[in-house]
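Welcome, and thanks for taking a look at this protein with us. Please have the sequence and the 3D view open as you read.

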Amino acid sequence: MLFVGCGKRQAVEAPVSIVDSQIEKSSLKAARVVAYRFALPEEGRGLPSFSLITNDGKLDIAALKNLKLAQATLTPGQVSRLVDSVYGPHSLTGRAACYDPHHIFLFYGAADVLINVFEVCFGCTNLDAQPQIE
């Protein structure tokens with residue numbers, strides 16, 4: 001499905017839905033995970049509100065395709081470390097003003113269904129996730 005947009009985005013793919021439920025940590029560790037590094041769009045630079053995760057909890061796959069710089073499929077060990085670092089014990093912090101994410105991790109479950117997304121700003125170590133993390 002395509003939508004016609006304004007500005008620099010003319011025809012874009014519809015945002016991809018992410019499973020709307022809390023996923024068990026063990027399911028995330030068993031998932032296939034693809035990591036992406038992406039550039040911020042010119043109009044998003046320096047704005048704390050840029051995210052590839054839309055306000056209605058979907059992934060803007062067209063923007064990811066346009067902004068993608070590199071991608072890699074994680075090994076099972078890398079997936080386990082990523083999940084443990086996100087869900088493991090750590091102090092809670094609020095979103096910093098510098099939130100400029102350049103990395104996103106897409107978790108795929110059975111039948112290649114997108115089950116979880118972590119978008120990360122390594123500058124301030126904050127993340128946005130869908131489904132959201134407690």
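What follows is a short tour of the fold, its cores, one helix and some side-chain pairs.

## The overall layout

Please keep in mind that this is a predicted model. The protein chain contains 3 helices and 7 strands. Starting at the N terminus, these elements follow the order β-β-α-β-α-β-α-β-β-β. The chain has 134 residues, of which 40% count as buried. Many contacts reach far along the sequence: among those between residues at least 6 apart, 68% join residues at least 24 apart.

## Two nonpolar cores

As background, nonpolar side chains in soluble globular proteins tend to be buried together. Here, the largest nonpolar core has 17 residues, and the members that touch the most others are Phe38, Leu52, Leu59, Leu64, Ile104 and Leu106. At least two residues of this core come from each of β3 (32-38), α2 (61-67), β5 (103-108) and β6 (114-121). Helix α2 gives the largest share, with 4 residues. There is also a second, separate core of 15 residues, which includes Val79, Val83, Phe107 and Phe118.

Ile104 is a good residue to click on. Ile104 sits in strand β5. Is Ile104 buried or exposed? With a relative accessible area of 0%, Ile104 is buried, because the cut-off for that label is under 20%. Which residues surround Ile104, if neighbours within four places in sequence are left aside? Ile104 is in contact with Val34, Ala35, Tyr36, Phe38, Leu52, Leu59, Leu64, Val117, Phe118 and Glu119. As a distance to try in your viewer, the C-alpha atoms of Ile104 and Cys121 are separated by 9.0 Å, while the two residues are 17 residues apart along the chain.

## Helix α3 and its buried face

Next, turn to helix α3, which covers residues 76-87. At 1.5 Å a residue, its 12 residues should span 16 Å, and the end C-alpha atoms are indeed 16 Å apart, so the two values agree. Which residues of α3 are buried? They are Val79, Leu82, Val83 and Val86. Looking down the axis of α3, these buried residues fall within an arc of 95 degrees, so they line one face of the helix. The buried residues of α3 pack against α1 (25-30), β3, β5, β6 and β7 (126-130). Two of the residues named here, Val79 and Val83, also belong to the second core.

## Salt bridges

How many salt bridges does a search of the whole structure find? The search finds 2, and the table lists them.

| Acidic residue | Basic residue | N to O distance |
|---|---|---|
| Asp84 | Lys29 | 2.8 Å |
| Asp112 | Arg32 | 2.9 Å |

The pair of Asp84 and Lys29 links distant parts of the chain, with Asp84 in helix α3 and Lys29 in helix α1, 55 residues apart. Asp84 is partly exposed, at a relative accessible area of 33%, and Lys29 is partly exposed too, at 30%.

The pair of Asp112 and Arg32 also links distant parts: Asp112 is in the loop between β5 and β6, and Arg32 is in strand β3, 80 residues apart. Asp112 counts as partly exposed at 47% relative accessibility, and Arg32 is partly exposed with a relative accessible area of 36%.

## Aromatic pairs

The structure holds 3 aromatic pairs. One of them joins Phe38 and Phe50, a tilted pair with 6.4 Å centre to centre and 50 degrees between the planes. Phe38 lies in strand β3 and Phe50 in the loop between β3 and α2, so the pair ties together parts that are 12 residues apart in sequence. Both Phe38 and Phe50 are buried.

Another tilted pair is made by Tyr87 and Phe118, at 6.1 Å centre to centre and 55 degrees between the planes. Because Tyr87 lies in helix α3 and Phe118 in strand β6, this pair ties together parts that are 31 residues apart in sequence. Tyr87 is partly exposed, with a relative accessible area of 28%, whereas Phe118 counts as buried at 0% relative accessibility. Together with Phe107, Tyr87 and Phe118 form one aromatic cluster. Phe107 and Phe118 are also among the members of the second core.

How values were computed. Residues are numbered from 1 along each chain as its sequence is written. This is a predicted model: local features need pLDDT of at least 70, side-chain atom pairs count only at pLDDT 80 or more; totals for chains, interfaces and linings use all residues. Side-chain values use heavy atoms; hydrogens and water are left out. A nonpolar core is a set of buried Ala, Val, Leu, Ile, Met, Phe, Trp, Tyr and Cys residues joined through side-chain atoms within 4.5 Å. Buried means under 20% relative accessible area, exposed over 50%, partly exposed in between (1.4 Å probe, protein chains only). Contact means heavy atoms within 4.5 Å. The expected span of a helix is 1.5 Å times one less than its number of residues. The arc is that of the directions from the helix axis to the C-beta atoms. A salt bridge is a side-chain nitrogen of Lys or Arg within 4 Å of a carboxyl oxygen of Asp or Glu. Rings of Phe, Tyr and Trp (its six-membered ring) pair if their centres lie within 6.5 Å; planes under 30 degrees apart count as stacked, over 60 as edge-to-face and the rest as tilted.
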